[in-house]
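Colleague: I should like to learn how the features of a structural model are read. Could we take a pocket, a sheet and a helix in turn?

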Amino acid sequence: MSQKVIIVDDDRELLHLIGLALHRAGFQPIGAANADEALRKVQEEQPALIVLDVMLPGVSGIELCRKLRQEAGTLPLPIIMLSARSHVDDKIEGLEAGADEYLTKPISPKELIARIKALLERTRRLQQSAQSARGHVLGFVGAKGGVGTTTVALNIAATLATRGHGVIAVELHPYAGTFDVQLGHTPRETLGDLWGADSARLNQRMLKMALLSDASGLDVLYGPRDPETWRELEPEMVTELIENLSALADYVLLDLPGTMSAASQAALRQCDLITLVSRGETDSVASGARLLELFKAWGVGRGLVEAVIVNQVPLAMGLTVEQISQELGCDVRGVVPPAADACAAALKRGRPLVLTHPDIAAAEKLSQMADQYIMAE
C-alpha cells in the first residue's frame, strides 16, 4: 500500500503540482488548504509525512507545526516545512516549531521527492533503533486473588536487579496494592499522583522523579496509596506509561490487578511475556484457564503466556506439572515450594525473599526463573 503524504497549502496550482509528483513517485497525495482541514485529515488518514506551507490562511504553518508536536499521536510525524521566506531567522523559527526540514520555495518536485524519501528512511531507522533499545516488558497476573503474584514479581525483579540489569517494578493497580508492605517503603509519589498531576502527558522526566530506588538496585513505581488518588486506569495512559518506562530500563515488570479491564488489555498487549501465577489446586488452575480464554479473545496468544505455580503449603493431592500445563494450555516455568516462615520473616524485614533467605529452596527457584528470563533474550 502506498504511503500517504498530506500537503498543506492554499495554492491550488502548487497542490496539484506536488500531488502529481508524489503520485508518480508511488505516494498517495492528500491535499489540505488550511490548518483545520489538515488536522482533520491527519486524524482520518494517518499519513506517513506532512508537507506544510508556512503561509496559511488563519492558523499559520508554524502554529500548526507546534500543535502537531504537542499531541502524542502526531509527535513523531515527519514534517517538511515549505516557505518563500529564506532568512536564517525564519528557518530557525520553523525548525524550533518542530519541523524536520525547512525548504525554501521555489523547489523542484524532484528535490522535494528526494527529501521526502530521505526523511522517511531516516525516520524508519530511528524508529527501528528505538524499538531495538526498548526494554523487555514482563507482565505478572494472578489466576485468582491471594496466589502470590506480587511476591513472585518482586522477587524476580530483585534478582534481575542484583544481576546488574536496570529493572523497574510497577504496581499497575487502580487502588492500593502491597508493594509498600513487601518492600518496607513509604513512597513520596505514586502512580495515583502521576495520573492526577496532569491528564496531559506522562514523560520520562516525570517518571524518573516518581521512581523509588530499592537497596537491591531495583526501581519501583508504586500504585496509589491514598483513596483520593484512586481512579480507574485508562488504556491510553497505561500504554503511554509502559512505552516511556520501557525506554528507561532493561526490564519493566508489571504487577497487574486481578480484575481485568480495558486498561489490563492495553498493558498485556505491551508485554513481551506474561506470567500467570497460580496455586497447584484444581480451582486455581481452572480460574487461570478461564483467564487465558479471555486473553485469547483479546488477541493475546498463549505463546506469550507461561505459568508459575506457587505452593504456599505442602500439598498432599496437587495436580502434576504436566496436568497443569495441559489444563492451562501453556508451559509451566517452574514450581515455587512452600516457605511460609521465611516469607513471613522477609515480609517483616520489608525485603524480597531472594535477598533475605537466598539459600532456601523457594528463593533458589525464584532466582532460577529470573535467570531464565535473561537466557530467553
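Modeller: Let us begin with a pocket, bearing in mind that this is a predicted model. The second largest pocket has a lining of 24 residues, and those nearest its centre are T151, N155, Q182, C343 and L353. Its volume is about 370 Å³.

Colleague: Which elements give two or more residues to the lining of the second largest pocket?

Modeller: They are α6 (149-162), α7 (179-183), α14 (340-349) and α16 (361-375). The element that gives the most to this lining is α14, with 5 residues.

Colleague: Let us turn to the sheet. In what order do the strands lie?

Modeller: As a general idea, backbone hydrogen bonds pair the strands of a sheet, in either a parallel or an antiparallel manner. Here, an open sheet is formed by 5 strands in the order β2-β1-β3-β4-β5, and their pairing is parallel.

Colleague: Why is one side of β2 and of β5 left without a neighbour in the sheet?

Modeller: Both β2 (28-32) and β5 (101-104) stand at the edges and have a single partner strand each, so one side of each lacks a neighbour in the sheet. From one strand to the next, the twist averages 20°.

Colleague: How many bridges join β1 to β3?

Modeller: These two parallel strands are joined by 4 bridges. As for individual residues, V5 has L49 in β3 as its bridge partner. A helix also packs on the sheet: α4 touches β4 and β5, and its direction makes about 145° with that of β5.

Colleague: How, then, should one read the burial of residues along a helix?

Modeller: The general idea is that an α-helix has 3.6 residues a turn, so residues three or four places apart point the same way. In helix α3 (residues 61-70), the buried residues are G61, I62, L64, C65, L68 and R69. Viewed down the axis of α3, these buried residues fall within an arc of 165°, so they line one face of the helix.

Colleague: What covers the buried residues of α3?

Modeller: The covering elements include the strands β1 (4-8), β3 (49-53) and β4 (79-83), together with the helices α2 (35-45) and α4 (88-96).

Colleague: Consider Q43 as a last case. Is Q43 buried or exposed?

Modeller: Q43 belongs to helix α2. Its relative accessibility is 53%, and the cut-off for exposed is over 50%, so Q43 counts as exposed. Along the chain, Q43 and I80 are 37 residues apart, and their C-alpha atoms are separated by 18 Å.

Notes:
Residues numbered from 1 in each chain as written. Predicted model: local features only at pLDDT ≥ 70, side-chain atom pairs only at ≥ 80, totals over all residues. Heavy atoms only, no water. Buried < 20%, exposed > 50% of the residue type's maximum accessible area, 1.4 Å probe, protein only. Arc of directions from axis to C-beta. Contact = heavy atoms within 4.5 Å. Pairing = 2+ DSSP bridges. Axes fitted to C-alpha atoms, helices over the stretch in contact; angles between N-to-C directions. 1 Å grid on protein atoms, 1.4 Å probe; cavity = no way out; pocket = protein on both sides within 12 Å on 5 of 7 lines; lining within 4 Å. Points joined across faces, edges and corners; volume = space filled by probe spheres on them.
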